[in-house]
Amino acid sequence: MFDLIVRHCTLPDGRSDQDIGIQQGRIVAVHPAMAATAAQEIDAAGYLVSPPFVDAHFHMDSTLSYGQPRVNQSGTLLEGIALWGEFKPLLTQEAIVDRALQYCDWAVARGLLAIRSHVDICDPRLLATQALLHVREKVKPYLDLQLVAFPQDGVLRSPQALSQLKRALDMGVDVVGGIPHFERTMADGTESVRILCELAAERGLRVDMHCDETDDPLSRHIETLAFHAQRLGLQGRVAGSHLTSMHSMDNYYVSKLLPLIKEAGVAAIANPLINITLQGRHDSYPKRRGMTRVPEMLASGIDVAFGHDCVMDPWYSLGSGDMLEVAHMGLHVAQMTGQAAMRQCFEAVTTTPARILGLDGYGLEPGCHADLVLLQARDPVEAIRLRANRLAVIRRGQVLARTPPQVATLSVPGRPASVSFSL
Ligand SMILES: [Zn+2]
């Protein structure tokens with residue numbers, strides 16, 4: 001007898017009518033017509049059951065702070081950074097914790113059970129670092145929070161940033177961050193990548209840098225990041241976030257760059273909602289989209305995840321923790337409309353970021369953690385199209401959240417009494 005069986009599931013790989021048997025928080029069997037019984041059963045009724053959503057790039061220290069102390073008028077990245085600088089002295093640990101926990105509630109309700117969040121370590125009090133380390137412990141039973149030590153003001157540009165970054169790592173922050181394009185000069189940016197990669201190699205940590213988040217085609221820190229990842233044997237442990245300059249780079253240069261990124265085992269994290277709103281702001285018309293070259297990187301065998309980046313903060317006024325909204329925007333901006341490409345967009349918010357974060361026991365195979373999301377959709381493409389309802393969210397075999405099926409009632413003469421947006 002199992003603890004839980006979820007019956008009649010369609011899986012993201014297309015297998016249908018599968019039963020998933022769960023015992024002591026793990027998946028123990030996946031096959032059709034399971035004869036076993038269980039203490040609890042859920043009928044998926046042919047709907048899609050996916051491993052949970054994973055957000056590879058987020059800022060939990062600033063989330064849900066929209067309008068404090070004022071709104072970003074220009075809508076640019078640089079005004080966002082300036083605004084965050086104005087807000088930082090006003091932060092309290094309690095307020096950061098409260099906002100982060102509220103966001104984690106939203107995330108759980110949306111089936112988002114693992115988040116890599118950058119935390120700005122440039123505040124000399126390290127308030128946000130302390131707050132998010134506390135939140136990481138607090139949410140551990142229901143959400144995996146991975147923290148990146150992020151020197152928002154530049155690890156070389158801001159005088160104390162390097163020592164504070166090391167202090168944050170000593171306190172238990174998981175990943176080394178950086179922002180080479182924000183350093184004073186291109187040369188300082190290059191130097192910051194070397195310093196930070198060496199620090200990660202010494203400490204056996206992963207690296208995730210905000211890298212080339214600019215429309216300047218000559219911002220080429222990704223090349224340096226790939227170089228040091230390879231030199232230091234960090235393959236599979238390094239991610240370049242944003243990489244928006246690649247959108248504007250010369251095609252010949254990109255044809256040399258992509259194989260180097262692949263060879264170095266560096267992953268890319270695009271942030272479609274933010275990239276499409278922040279990039280191209282200095283253009284008149286035509287306006288560049290600014291998102292990095294997602295299909296081309298995928299075709300080169302590079303892992304590409306989509307991150308949410310921001311929800312209601314100095315950089316972005318919208319969002320609700322819905323990774324299907326992120327995938328939906330990524331699909332549009334990258335023009336990934338083929339069937340296989342749309343499925344890759346679903347992978348970019350599930351299995352690919354799980355690999356980038358190094359999540360243990362993630363997936364739907366026997367032996368994996370019993371972490372599942374039951375979606376009101378028949379397949380990953382329909383899930384993206386509908387930003388489908390998360391009917392049930394399960395973690396370690398326990399139901400954490402439920403949302404009633406979305407069905408509108410109609411009063412249209414001669415038409416059915418209800419409509420569900422599914423064929
Ligand atoms: Zn970011």
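What is the site of the zinc ion, with its four donor atoms, like in its angles? In this predicted model, local features need pLDDT of at least 70 and side-chain atom pairs count only at pLDDT 80 or more, while totals for chains, interfaces and linings use all residues. Residues are numbered from 1 along each chain as its sequence is written, and side-chain values use heavy atoms, with hydrogens and water left out.

The angles among the four donor atoms run from 86 to 178°, and the site is irregular, a label for whatever fails the other classes: four donors are tetrahedral if all angles lie between 85 and 135 degrees, whereas four are square planar and six octahedral if opposite donors are over 155 degrees apart and all others between 65 and 115. The protein donors (N, O and S atoms within 2.8 Å of the metal, or 3.2 Å for Na, K and Ca; water is not among the atoms, so sites may look incomplete) are H57 (NE2), H59 (NE2), H210 (NE2) and D309 (OD), at 2.1 to 2.6 Å from the zinc ion. Their spacing in sequence is H-x1-H-x150-H-x98-D. H57 is buried, because its relative accessibility is 0%, and H59, at 7%, is buried as well (buried means under 20% relative accessible area, exposed over 50%, partly exposed in between, with a 1.4 Å probe and protein chains only).
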